[in-house]
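Colleague: I should like to go through this structure with you and ask on what grounds each description rests.

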Amino acid sequence: GFLFAHVLMALGIPISPEEVVGLSLLGMAAFFTTAAAAPFTSLVLVLEFTMAGRMIFPLILGVLASYAVAKLLHAKSMYGAETSRSVLAAFGKPLREVRIKDIFRKTSDTVFANTLFGDIAKKFVRNPEESIYVVSRTNRYIGAIFQKDILNFIRSKDVSSTVIADDIMHADIPTLSPDMHLIEAIKIFLENEHYESLPIVDSKMQFYGLVNKSDILIGFNEIITRDRLKS
């Protein structure tokens with residue numbers, strides 16, 4: 001959408017900065033709709049991340065047009081493509097059989113309890129995710145650190161040499177298990193709306209990875225859409 005707006009300007013068509021932003025959002029929603037075959041989820045995500053409520057009607061038209069063109073061209077979603085490569089892929093299974101371990105993300109953003117604040121802050125700068133997880137030397141899950149925790153300490157000049165991960169981590173956030181069903185995970189996210197991702201911890205308290213709320217919702221939508229088409 002952004003490139004299309006600049007092409008129009010290069011052709012001499014006058015476009016305001018607001019229209020450039022609008023076309024960019026429209027392109028974002030249309031692209032994600034085609035990639036994920038999830039028009040409703042795409043619409044919700046773009047509106048949630050940008051707070052562009054005034055764009056709702058153009059976005060609705062954009063995602064519907066993108067979805068229709070994708071169906072006419074028989075384009076597969078990114079999850080559908082994975083299913084075609086492996087019969088064990090998560091979204092080739094019935095909804096009741098999909099578990100968290102089928103859709104989780106591995107992450108290298110873990111720190112130890114005695115990791116200094118300065119090193120933790122550098123990790124957030126390199127990879128600005130919502131959270132970093134604290135583990136033991138044997139990969140046992142201990143807790144999580146969020147961006148807001150970093151901001152609360154960033155004003156102190158001496159903090160990087162005195163504060164460690166154990167001082168700012170949260171040990172009481174909900175965790176998911178690798179064998180938890182998708183529906184159970186959705187319920188936990190709904191009960192804890194302020195978390196965008198949650199850690200996955202196995203029965204031995206070993207850190208397994210993380211799962212994002214958006215991944216779960218997209219996956220759920222993909223499975224429901226597939227089942228409806230089959231019926």
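The exchange below takes up the terms one by one.

Colleague: What makes the local features fit to discuss?

Modeller: This is a predicted model, in which local features need pLDDT of at least 70 and side-chain atom pairs count only at pLDDT 80 or more, while totals for chains, interfaces and linings use all residues. Residues are numbered from 1 along each chain as its sequence is written, and side-chain values use heavy atoms, with hydrogens and water left out.

Colleague: How do you know how many helices and strands the protein has?

Modeller: Helices (H or I, at least four residues) and strands (E, at least two) are DSSP runs, numbered from the N terminus. The protein has eleven helices and five strands.

Colleague: Why are helix 1 and helix 2 called oblique to each other?

Modeller: Helix 1 (residues 2-10) and helix 2 (residues 17-36) pack at an angle of about 140°, and their axes are 7 Å apart. Axes are lines fitted to C-alpha atoms, for helices over the stretch in contact, and angles run from 0 to 180 degrees between N-to-C directions. Under 35 degrees counts as roughly parallel, over 145 as roughly antiparallel, 65 to 115 as roughly perpendicular and the rest as oblique. Helix 1 and helix 2 are therefore oblique.

Colleague: Which residues make the contact between helix 1 and helix 2?

Modeller: Helix 1 contributes Phe-2, Phe-4, Ala-5, Leu-8 and Met-9, and helix 2 contributes Val-20, Leu-23 and Ser-24; contact means heavy atoms within 4.5 Å. Seven of these residues are nonpolar, one is polar and none is charged. In that division, Ala, Val, Leu, Ile, Met, Phe, Trp, Tyr, Cys and Pro count as nonpolar, Asp, Glu, Lys and Arg as charged, and the others, Gly among them, as polar.

Colleague: What makes the pairing of the three-stranded sheet mixed?

Modeller: Two strands pair if DSSP finds at least two bridges between them. Strand 1 and strand 2 run parallel and are joined by two bridges, whereas strand 2 (residues 131-135) and strand 3 pair in the antiparallel sense over five bridges. The open sheet, with the order 1-2-3, thus has mixed pairing.

Colleague: Which residues stand opposite one another in these pairs?

Modeller: Val-111 stands opposite Val-134 in strand 2. Towards strand 3, Ser-131 faces Phe-146, and Ile-132 has Ile-145 as its bridge partner.

Colleague: Why do strand 1 and strand 3 count as edges?

Modeller: Strand 1 (110-111) and strand 3 (141-146) each have a single partner strand, so one side of each is left without a neighbour in the sheet. Helix 6 (residues 117-126) lies across strand 1, strand 2 and strand 3, and runs at about 140° to strand 2.

Colleague: How do you know that strand 2 is mostly covered?

Modeller: Buried means under 20% relative accessible area, exposed over 50%, and partly exposed in between (1.4 Å probe, protein chains only). Five of the five residues of strand 2 are buried. Ser-131, Tyr-133 and Val-135 point one way, Ile-132 and Val-134 the other. In the protein, buried residues make up 41% of the 231 residues.

Colleague: Why is strand 4 described as largely enclosed?

Modeller: Five of the five residues of strand 4 (residues 197-201) are buried, so the rest of the structure largely encloses this strand. Strand 4 runs antiparallel to strand 5 (residues 207-212), with five bridges joining them, and Ser-197 has Asn-212 as its bridge partner.

Colleague: What makes the buried residues of helix 10 line one face?

Modeller: In helix 10 (residues 182-191), Leu-182, Ala-185, Ile-186, Ile-188 and Phe-189 are buried. Seen down the axis, they fall within an arc of 160°, so they line one face; the arc is that of the directions from the helix axis to the C-beta atoms. The face turned away from the buried side carries the exposed residues Lys-187, Leu-190 and Glu-191.

Colleague: Why is Asn-139 called partly exposed?

Modeller: The relative accessible area of Asn-139 is 29%, hence it is partly exposed. Asn-139 lies in the loop between strand 2 and strand 3 and has a positive phi of about 70° although it is not a glycine.

Colleague: What is the phi of Met-205, and where is the place of Met-205?

Modeller: Met-205 has a positive phi near 65°, in a residue other than glycine. Met-205 belongs to the loop between strand 4 and strand 5, and with a relative accessible area of 31% Met-205 is partly exposed.
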